[in-house]
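Trainee: Could you take me through one part of this structure closely, the sheet in chain B, and then show me how the rest fits around that picture?

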Amino acid sequence: MPQISELNFLLTYSLVAVLLFSFTALFALFAVYAERKVSAFIQDRLGPMETGKYGSLQTLADILKMLQKELIVPAVADKVLFVVAPVIIFVSVYMGFASLPWAPGLIPSSINLGVFYVFAIVSVESIGILMAGWGSNNKYSLLGALRSVAQVVSYEIPAGVAIISAVMISQSLNLQEVSIQQGILTHETAKFFGFWDVTHIGGLFAWNIFQAPHLILAYVIYFIASLAECNRAPFDIPEAESELVSGFHTEYTGIRFAFVFLGEYSMMFLVGMFGVLLFLGGWNTPLPNIGSLHLADWTTGNIWGIIWIVAKVLTVVFVQMWIRWTLPRLRVDQLMDLCWKVLTPLAFLCMLISGVWRLMVM
Amino acid sequence: MIVKNTISSFVTAWKGMALTLKHFFAAGKKRKTLDVKNDNYFAQQEGIVTVQYPKESIPVPEVGRYQLDVVIDDCIVCDLCAKICPVDCIEIESIKGTGPLGQTSDGTVKRLHAAKFDIDMAKCLYCGLCTVVCPTECITMTNKYDRTVFQLSDLTYKFSAMTPEEAEEARTALAKQQAEKQAAKEAAMKKKE
């Protein structure tokens, strides 16, 4: 018989897990709808309009259809890899959410190695992708998977270095700690651009990108690299529809395909949220205290925290979509050029400035 | 070189993104579905272009080149349309009348009954040749283009106004008249002899 406290522990954590899962599922439903609407509006179309008011039930109908579909395993596929891959792809992304804080007092797991953990667990996704590509026994799938892995592994370097430059400024790998330092709840002094003390003003000015302006560049690098890591246009060569059918998930049907899709859209939210936490103030309000108007004090709290972080991440997700429907896909050599010749040196430069900034200015 | 390239790629990427953002925010507007003859037809550059078809549709000219229509009262059953049709989608069966059957609206005398005037719209290729050869302009193309049916046979349009009984009546009348004529002829021959 387990003790009551152990039961409580199990119950709380399963509840957290279920909540996070339902959040990712709901977000994926919403994001697919949003993606279709955004792309439609950009192309002067209307997008889904028939199912529900303004097509709002379209993705629900899609998922219902997908759940009823037959699960096909190709005859010569590596069955174990093929079946397990979608689960690994989704779970690796889903587990990333475990250490991301949502509000000052709301974090599923406040671990000291938060940044490192997220960065590491998300990389597991590429193993899932490789398993899917290899297991399908299809040349397009395998090509897509190979491209994906090459791309993810390369882009983790500039992304990682850009993240390190932010971590050097906040001197902590705990994402909750990093967030606290970017607002009025900070225990340290926050300086806007290194000269104006905004510890009690907070708001926009205390965000990491404004505490140390070179982090704007670091954020741009991180953002570009994160697009490549979630295999989204303009870095979508792993699933390039026009060349590879749809890359590593060509052979998937039904609920397995749904899982791959769910993983992809959760990844968008995850990398967006990770960037927001490290660079754009996390759950902190963008409104500063102005004189007797204590806007920052009034708009900080658990509810406000959730509102701010969701709003910020959705903005980032919108930018991801906006880029996808604007820019054409990069060629493989251009992709590697951009990563190794532009982003990586710039990221190292950011890291260098971060060190100097930490020693000389802060 | 690489610095210049990087800057120019960011600038051009931004140009493209500004353009798509402009279109994104113009999505609240809707382009009016104008007739192609309207002077402002090409002036509309912003807004949604989608026409949600069954609920709204693009205006088409009254005499479009869509489905065929026959005013059977004006038809003289000359069979020209059936002969010119490249895909043989018009099927006509004529019965000679016992005398003049009346006039069409342009004054031509009708001498034949149209016992059958079927057009298979599933075969029709919308070339419009039948409307060109028709001497009385009774076969025309209309502005109707949307017809969905559950049976393929429903796409065979039947324009004949005659019921089978009427057709049979016309046939017997013709046979009777011809028999009478034949009899009269034979009588005349006998007289000569």
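Mentor: Happy to; I will start with the sheet and then move on to the domains, the chain contact and the helix packing.

This is a predicted model, in which local features need pLDDT of at least 70, side-chain atom pairs count only at pLDDT 80 or more, and totals for chains, interfaces and linings use all residues. Residues are numbered from 1 along each chain as its sequence is written, while chains are lettered from A and ligands numbered from 1 in the order in which they are written.

The sheet in chain B is open and has 3 strands in the order β2-β3-β5, with antiparallel pairing. Helices (H or I, at least four residues) and strands (E, at least two) are DSSP runs, numbered from the N terminus, and two strands pair if DSSP finds at least two bridges between them. As general background, strands of a sheet pair through backbone hydrogen bonds, either parallel or antiparallel. The edge strands, each pairing on one side only, are β2 (90–96) and β5 (156–158) of chain B. Direction ignored, neighbouring strands of this sheet are turned by 15° against each other on average.

Let's go through the pairs. β2(B) and β3(B) run antiparallel and are joined by 7 bridges; here B:Ile95 has B:His113 in β3(B) as its bridge partner. Strand β3 (residues 112–120) of chain B also pairs with β5(B) in the antiparallel sense, over 3 bridges. Along that pairing, B:Asp118 has B:Lys158 in β5(B) as its bridge partner, and B:Asp120 stands opposite B:Thr156 in β5(B).

A helix joins the picture: α4 (residues 164–192) of chain B lies across β2 and β3 of chain B, at about 45° to β2(B). Axes are lines fitted to C-alpha atoms, for helices over the stretch in contact, and angles run from 0 to 180 degrees between N-to-C directions.

For the wider layout of chain B, the domain assignment gives domain 1 (1–59) and domain 2 (68–163), with bounds that come from an automatic or database assignment. Over C-alpha atoms, the centres of domain 1 and domain 2 of chain B are 46 Å apart.

Where the chains meet, the contact takes 14 residues from chain A and 15 residues from chain B; two residues are in contact if their C-beta atoms, placed from the backbone, lie within 7 Å. On the side of chain A that touches chain B, α1 (4–42), α12 (302–324) and α13 (332–360) of chain A give two or more residues, and α1(A) gives the most, with 3 residues. That side divides into 10 nonpolar, 1 polar and 3 charged residues, where Ala, Val, Leu, Ile, Met, Phe, Trp, Tyr, Cys and Pro count as nonpolar, Asp, Glu, Lys and Arg as charged, and the others, Gly among them, as polar.

Inside chain A, the axes of α1(A) and helix α10 (residues 254–279) come within 9 Å and cross at roughly 90°, which means that α1(A) is roughly perpendicular to α10(A) (65 to 115 degrees; under 35 is roughly parallel, over 145 roughly antiparallel and the rest oblique). Among the residues making this contact are A:Phe27 of α1(A) and A:Phe261 of α10(A).
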